Amino acid sequence: MPSTNPVHQQIHTDGYAIITLDRPERRNALNLEIKQLLAEAVEALAGDPRVHALVITGAGGYFVAGTDIAEMRDMTPTEHTALQTGRLFEVVDRCEKPVIAAIEGYALGGGCELALACDIIIASRTARLGQPEINVGIMPGAGGTQRLLRTIGKYRTALLTLTGEPLSAEQAFNAGMLSEVCDEGAALQRACAIAARIAAQPPLAVRAIKALLATGEDAPLHSMLKLERSAFVQLFDSEDQKEGMTAFLEKRKPTYRGH
């Protein structure tokens with residue numbers, strides 16, 4: 001019997017976790033329940049010392065086809081605020097550990113915004129990504145204009161959000177919206193391989209890189225160069241730096257402990 005829980009999580013011994021959205025009857029569309037469960041899963045795994053990277057994916061050949069229109073149709077502005085309908089995207093964005101989106105099929109509307117809140121996006125060649133909110137009388141509200149603006153530029157973002165037309169994986173990759181394109185059906189496998197590779201890296205350095213990438217999007221270059229240099233120098237006070245360089249010189253695999 002299939003599980004009735006629409007959000008599953010699995011921790012792998014390689015140091016990463018997979019969160020799977022499983023609502024096949026709606027192609028994993030985000031409703032309030034899924035948003036809450038997914039946010040809780042990300043927060044729990046972010047605090048789990050066994051986990052060094054997260055992978056978010058969808059079951060049934062789809063990532064997320066959008067946000068549940070039936071649930072949203074009669075919602076008021078006050079209800080959006082009270083129910084914190086955008087909290088999920090903030091939780092994913094603020095996660096201190098790298099988050100990887102593994103996309104098959106559709107990543108539309110809230111699904112595309114969920115992917116954009118991640119650090120790395122892997123998509124199969126047959127995937128489609130877009131922000132079709134304008135087709136139902138609204139606009140993106142969880143990063144679909146602002147993250148895209150900073151990722152693919154004003155003119156491509158305007159075309160995507162004002163027409164509602166999706167991009168193919170190839171178009172999205174060429175626009176700089178994806179980290180990598182893979183064969184159909186291989187997105188999760190590839191994302192897990194990347195997650196395992198990241199999980200084997202020194203945790204302090206991973207956390208510093210993620211933090212600087214997030215901050216640097218909105219800050220002046222010279223200010224961020226100073227912060228980058230400071231973070232770089234501070235890592236030389238860590239045991240992981242000593243271990244990493246010693247292992248390199250001794251031609252052995254390093255053992256990082258996050259200290």
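**Exercise 1. Is Phe232 buried, partly exposed or exposed in this predicted model?**

Solution. Start with where the residue sits: Phe232 belongs to helix 11 (residues 221-234). Next, take its relative accessible area, which is 39%. Buried would need under 20% and exposed over 50%, so Phe232 counts as partly exposed. Now look around it on the surface: Phe232, Val233, Phe236 and Met245 make up a nonpolar patch there, and together they have about 360 Å² of accessible area.

**Exercise 2. Work out how strand 3 is covered, and which strand it pairs with.**

Solution. Go along strand 3 (residues 53-58) and check burial: six of its six residues are buried. Then split them by face. Ala53, Val55 and Thr57 are on one side, while Leu54, Ile56 and Gly58 are on the other, so both faces are covered, given that buried means under 20% relative accessible area. For the partner, turn to strand 2 (residues 16-21), which runs parallel to strand 3 and is joined to it by six bridges. One pair to find on screen is Ile18, opposite Val55 in strand 3.

**Exercise 3. Trace the nonpolar cores, beginning with Ile56.**

Solution. Step one: the largest nonpolar core has 46 residues, and Ile56, Ile103 and Leu114 have the most contacts inside it. Step two: helix 1 (residues 32-46) is the top contributor to this core, giving six residues. Step three: skip the neighbours of Ile56 within four places in sequence, and its contacts include Ile19, Leu38, Phe63, Val92, Leu114 and Cys118. Step four: a separate core of 18 residues lies apart from the largest one, with Val55, Ile120, Ile122 and Ile194 among its members.

Terms used. Residues numbered from 1 in each chain as written. Predicted model: local features only at pLDDT ≥ 70, side-chain atom pairs only at ≥ 80, totals over all residues. Heavy atoms only, no water. Patch = residues over 30% accessible without salt bridge, like charges linked within 9 Å, V, L, I, M, F, W, Y side chains within 5 Å. Areas by Shrake-Rupley, 256 points an atom, 1.4 Å probe, with all protein chains shown as cover. Salt bridge = Lys/Arg side-chain N within 4 Å of Asp/Glu carboxyl O. Helix = DSSP H or I, 4+ residues; strand = E, 2+ residues; numbered from the N terminus. Buried < 20%, exposed > 50% of the residue type's maximum accessible area, 1.4 Å probe, protein only. Core = buried A, V, L, I, M, F, W, Y, C linked by side-chain atoms within 4.5 Å. Contact = heavy atoms within 4.5 Å. Pairing = 2+ DSSP bridges.
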